[in-house]
Amino acid sequence: MIMEWRLLRSEGNLVISGTKGYILAPSPWWLTKHFEVHFEDPSKVDVYEPSFQGDGFRYEISEFVLKINGSGRNSYKYTAGEAVVMAEIIEKYMKHRNK
C-alpha cells in the first residue's frame, strides 16, 4: 500500500497525515511517551506506548557512532531494515520539501 503523506507541526505536536488518517505524537514529539494512529472513522484510534529509554534519537545516533568507530556489533537497537526505511523517509521528505 502506498500512502501520500506530509508532515505538519501543530502547537509542538507532530502530525503525520496520510490518505487513510493521521498519526499524532504529542509535544515534545522527539521525547514521545506515546503516539496515536487516527483513522478515517473518528471512533477508531490506536494508541501505542513504546518502551524507549533515553531521549529522542539516542539509539540511532549511538549505533551510528559505534559503526563509524568500527566497534559496532550486530545487535542493533534498530534493525538494518528499519534504519534504511527511516533514511528513505527522511530523504523523501527533504526532496518533497525542497520542491
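Okay, so let's start with salt bridges: in this model the count comes to one. The pair is Glu91 and Lys95, whose side chains meet at 3.4 Å, N to O. Both residues lie in helix α2, which covers residues 80-97, and they are four residues apart, about one turn of the helix. As a general point, side chains of opposite charge can pair when their charged atoms come close. How exposed are the two partners? Glu91 is partly exposed, with a relative accessible area of 43%, while Lys95 counts as exposed because its value, 52%, is over the 50% cut-off.

Before I go on, a word on confidence. This is a predicted model, and the chain averages a pLDDT of 77, with 73% of the residues scoring at least 70. Where is confidence lowest, and where is it highest? The low end is strand β1, residues 5-10, at a mean of 56, and the high end is strand β5, residues 45-48, at 94. Where pLDDT is low, the predicted coordinates should not be read in detail, so I'll leave the details of β1 alone, given its mean of 56.

Now the overall layout. We have two helices and five strands, and along the sequence they come as β-β-β-β-β-α-α, so to speak strands up front and helices at the back. Of the 99 residues, 13% count as buried. The accessible surface comes to about 8,100 Å², and 58% of that belongs to carbon and sulfur atoms. What about contacts across the sequence? Taking contacts between residues at least 6 apart, 9% join residues at least 24 apart.

On to the strands. β2, residues 13-18, and β3, residues 21-25, run antiparallel and are joined by five bridges. They form a hairpin with two residues between them, and if you want a landmark, Leu14 stands opposite Ala25 in β3. β3 also pairs with β4, again in the antiparallel sense, over four bridges. Here Ile23 is the residue that stands opposite Val37 in β4. Then β4 pairs with β5, antiparallel too, with four bridges. That is another hairpin, this one with five residues between the strands, and Glu36 stands opposite Val47 in β5.

One thing to look at in the loop between β3 and β4 is Pro28. What is the peptide bond from Ser27 to Pro28 like, cis or trans? It's cis, with omega near -10 degrees. For background, most peptide bonds are trans.

Last stop is His38, which is found in strand β4. Is His38 buried or exposed? Its relative accessibility is 15%, and the cut-off for buried is under 20%, so His38 counts as buried. What does His38 touch, leaving out residues up to four places away in sequence? The list is Lys20, Gly21, Tyr22, Leu24, Lys44 and Val45. Closer along the chain, the side chains of His38 and Glu36 are joined by a polar contact of 2.8 Å. And that's the Glu36 we just met, standing opposite Val47 in β5.

So, the things to click on while you have the structure open: the Glu91 and Lys95 salt bridge in helix α2, the cis bond from Ser27 to Pro28, and His38 with its 2.8 Å polar contact to Glu36.

Methods: Residues numbered from 1 in each chain as written. Predicted model: local features only at pLDDT ≥ 70, side-chain atom pairs only at ≥ 80, totals over all residues. Heavy atoms only, no water. Buried < 20%, exposed > 50% of the residue type's maximum accessible area, 1.4 Å probe, protein only. Contact = heavy atoms within 4.5 Å. Areas by Shrake-Rupley, 256 points an atom, 1.4 Å probe, with all protein chains shown as cover. Pairing = 2+ DSSP bridges. Polar contact = N/O pair within 3.5 Å; in protein donor to acceptor, adjacent residues only side chain to side chain. Salt bridge = Lys/Arg side-chain N within 4 Å of Asp/Glu carboxyl O. pLDDT = per-residue confidence, 0-100.
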